[in-house]
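The following exercises concern the structure displayed below. Each task is followed by a solution that proceeds step by step.

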Amino acid sequence: MDVFGLVGNPVEHSVSPPMHEAAYEELDMDARYVTFEPTEERLGLAIEGASALGVRGLNVTIPFKESVLPLVDPDPLAERIGAVNTVDFDGEPTGHNTDAAGVTRAFEYHDVDLSGTAVVVGAGGAGRAAAFALADAGVSVRVANRTVPRAEALAEEVPGADAHGLDALGELLADADLLVNATSVGMESDETPVPADALHGDLAVLDAVYAPLETRLLREAAAAGARTIDGAWMLLFQGVEAFELWTDRTAPVEAMNRALRAAL
Ligand code: NAP
C-alpha cells in the first residue's frame, strides 16, 4: 500500500484526505492519505522518518511551509517562492510548491487566457505563489498589498512586476485582465479587499479564500459581469498537481473536485 499525507498544525479539518482518497478510489489504487501534526522542533525528524518508512509524498501546510524548505531539496520555483507545500520522496526528499500551479491551472480550467495583466492582491505565501506562477506563464504582474514594503520586496523578485498599496486598486484594475485575491480578507467574514466599483466585466477573478466559497469579492465581481473562480478550484489544482507529481499519472480531476466540494 502507498502512503501519502499532510503535515501541518492543525490538520484535523483538512479536506485533502477525502480529495486525494477519491483519486485513489477512482483509479483503483491501493493507497491511503493520512494527516500528521508534528511539533516544529521535530519537523526534521518527521521528514526523515517519512522517508525511511517509504512514505511516497507529503503535502505541507501552515505553519510548516517555510520551515520545511531547508529540510528538503527544493525545486527552483519553490525556492523562489520561499515555501514548499509538497514533498516527493522518490529518492532524496524534494520540495515543490503546487499552490503556484493551483492558480494557473484554475484559470486554465475555466478557459481564461494567461496573458495581459494580472493584479495580485496580497504578498504573503499565496500572493508569492500567484505572482511567480502568473509571471512565469507570461502575464504582467502588479502586486498590491496592505503593507507596501512587502509588495515591493515581492515585485523586485518577480520579473516585470510592480508594487502598490491597496489604495491603487481602482487604477490598477481599470486595464487588468486577471485579479487574484491572495489575502485572507473575506475568510469567514463578508469583507473584501477590493472596492466594488473597481470591478468590471473584462476581468477574470480568482479568490484564494475558500471559506465561504462565495466571498463578497466574487459576489461583487459576478455582479459587475466578471468571470469568477472560487478558492476551491485553487485548492483542487494544487492537489491535482501534487498527485501527478507523486504518481506520474493524470489525476481524475472530476472525482477529486466532487469529493473536495462535498467535504468543504
Ligand atoms: P499569509 O502568508 O499570512 O498572508 C496574508 C496576506 O493577507 C498578506 O498579504 C496580508 O497583508 C493580507 N491581509 C491579512 N489581513 C488583511 C487585512 N485586514 N487587510 C488587508 N490585507 C490583509 O497567508 P497566505 O498563506 O498567503 O494565505 C492567504 C489566503 O489564501 C488565506 O485565506 C488562505 O486560506 C488562502 N489560501 C488558499 C489556497 C487555496 O488553495 N485556495 C492556498 C493557499 C492559501 P500584510 O502583508 O499587509 O499583512
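**Exercise 1. State which pocket the ligand occupies, and which elements surround it.**

Solution. The ligand takes up the space of the largest pocket. On a 1 Å grid over the protein atoms alone, a pocket is an open set of points with protein on both sides within 12 Å along at least five of seven lines; a molecule sits in it if more than half of its atoms lie within 2 Å of its grid points. Two or more residues of the shell around the ligand come from each of α5 (125-136) and α9 (231-247). The largest share, three residues, is that of α9. Helices (H or I, at least four residues) and strands (E, at least two) are DSSP runs, numbered from the N terminus.

This is a predicted model, in which local features need pLDDT of at least 70 and side-chain atom pairs count only at pLDDT 80 or more, while totals for chains, interfaces and linings use all residues. Residues are numbered from 1 along each chain as its sequence is written, and side-chain values use heavy atoms, with hydrogens and water left out.

**Exercise 2. Describe the shell around the ligand and its polar contacts.**

Solution. Begin with the shell: 22 residues surround the ligand (a heavy atom within 4 Å), and the closest are Ala 126, Asn 145, Arg 146, Thr 147 and Arg 150. By class, the shell holds eleven nonpolar, eight polar and three charged residues; Ala, Val, Leu, Ile, Met, Phe, Trp, Tyr, Cys and Pro count as nonpolar, Asp, Glu, Lys and Arg as charged, and the others, Gly among them, as polar.

Next, consider the polar contacts (pairs of N or O atoms within 3.5 Å). An N or O atom in the side chain of Asn 145 is 2.7 Å from an oxygen atom of the ligand. For Arg 150, a polar side-chain atom also lies 2.7 Å from a ligand oxygen atom. At Ala 208, a backbone N or O atom is 3.0 Å from a nitrogen atom of the ligand. Finally, the protein buries 76% of the 920 Å² that the ligand exposes when taken alone (Shrake-Rupley method, 1.4 Å probe).

**Exercise 3. Locate the cis peptide bonds at Pro 10 and Pro 63.**

Solution. Most peptide bonds are trans. A cis bond, with omega about 5°, joins Asn 9 and Pro 10, and Pro 10 belongs to the loop between β1 (2-7) and α1 (16-26). Another cis bond, with omega about 5°, links Ile 62 to Pro 63; Pro 63 lies in the loop between β3 (57-60) and β4 (73-74).

Methods
A polar contact is a pair of N or O atoms within 3.5 Å; within protein, one must be able to donate a hydrogen and the other to accept it, and residues adjacent in sequence count only if both atoms are side-chain atoms. On a 1 Å grid over the protein atoms alone, a cavity is a set of points where a 1.4 Å probe fits but cannot get out, and a pocket is an open set with protein on both sides within 12 Å along at least five of seven lines; lining residues have an atom within 4 Å of a point.
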